[in-house]
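Me: I'd like a close look at one part of this model, starting from a single residue and working outward. Plain bench talk is fine.

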Amino acid sequence: MSQVLVEELTCLMEKVEFSRLIELQQDSSLATPDETEKIIGCLGDETVLRAFLTELIGLTGPLSGDTSNCLRAGFREFDVRAVMHARQVSEDQPAARSGSASAFILTLSCLNQEEWELYIPHMIMNPDDREKLQCVVETLGGPEELAAALQPNDGGVSERLLNTATECEMETRIFAGG
């Protein structure tokens, strides 16, 4: 809340009771779909992205400039608000899981070595997966292309993404549907 802009905070105070905001800050899973929609609607893109990343990887501090730029580029066409809202609406759980998995992979691809070691427990990914993921991003053409490849299509994950992951010796199981 300390990083929320004055305009965003004013909007939040108009939409949700202050005591409820404090409660939801402690446990966002308690938010109703209506509250989630109101809160997300009050926040600017930077704040939404920060909140999303905090929830996604446990972000507790600032990221490097290069990582931040990579995330902004990758998430430029990614509907973070829709994924956050889908998490709160039970009938949208498949969409939420797919969106969260895609966002997670996109986020991982942007982390530098120090951030990777800080935020990614080795039980989730192997230490050498970072290099393989960077190979995937480079081969695809950058974070924007990875973001596009992560968007689900009619047949699930894009064949191009799966082929690229295989070329880079990365296990395709980490990709939704892979």
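Which helix is phenylalanine 18 found in, and what can you tell me from there?

Reply: Phenylalanine 18 is found in helix α2 (helices are DSSP runs of H or I, at least four residues, strands runs of E, at least two, numbered from the N terminus). Bear in mind that this is a predicted model: local features need pLDDT of at least 70 and side-chain atom pairs 80 or more, while totals for chains, interfaces and linings use all residues. Numbering runs from 1 along each chain as its sequence is written, and side-chain values use heavy atoms, with hydrogens and water left out.

Phenylalanine 18 counts as partly exposed because its relative accessibility is 47% (buried is under 20%, exposed over 50%, partly exposed in between, protein chains only; areas are Shrake-Rupley with a 1.4 Å probe). Phe18 also has company: together with Leu9, Met13 and Ile22 it makes a nonpolar surface patch of about 340 Å². The elements that give two or more residues to that patch are α1 (6-15) and α2 (18-26). Patch members have over 30% relative accessible area and no salt bridge, with nonpolar side chains joined within 5 Å and like charges within 9 Å; a salt bridge is a Lys or Arg side-chain nitrogen within 4 Å of an Asp or Glu carboxyl oxygen.

Now follow α1 inward. Glu8, Cys11 and Leu12 are its buried residues. They line one face of the helix, because looking down the axis of α1 they fall within an arc of 100 degrees (taken from the directions of the C-beta atoms off the axis). Turn to the face pointing away from that buried side and you meet Val6, Glu7 and Glu14, which are exposed. As for what the buried residues of α1 pack against, the partners are α2, α3 (33-42) and α4 (45-57), with contact meaning heavy atoms within 4.5 Å.

Cys11 deserves a second glance. Cysteine 11 is joined to cysteine 42 by a disulfide, S to S 2.0 Å (the cut-off is sulfur atoms within 2.5 Å). That pair links distant parts of the chain, with cysteine 11 in helix α1 and cysteine 42 in helix α3, 31 residues apart. Both cysteines, 11 and 42, are buried. Their S-S torsion is about -65 degrees, so this disulfide is left-handed.

For context, the structure holds 3 disulfides. Another one runs from cysteine 70 to cysteine 110, S to S 2.1 Å. Here cysteine 70 sits in helix α5 (residues 65-75) and cysteine 110 in helix α7 (residues 93-110), 40 residues apart, so to speak linking distant parts of the chain. With a torsion of about -70 degrees, the bond between cysteine 70 and cysteine 110 is left-handed. Cysteine 70 counts as buried at 16% relative accessibility, and cysteine 110 is buried too, at 7%.

There is also a disulfide between cysteine 135 and cysteine 168, S to S 2.0 Å. Cysteine 135 lies in helix α9 (residues 129-140) and cysteine 168 in the segment after α11 (159-167), so this pair ties together parts 33 residues apart in sequence. The link of cysteine 135 and cysteine 168 is left-handed as well, with -70 degrees about the S-S bond. Cysteine 135 is partly exposed at 30% relative accessible area, whereas cysteine 168 is buried at 7%. Count the bonded cysteines along the chain and the disulfides follow the pattern 1-2, 3-4, 5-6.

Conventions
Buried means under 20% relative accessible area, exposed over 50%, partly exposed in between (1.4 Å probe, protein chains only).
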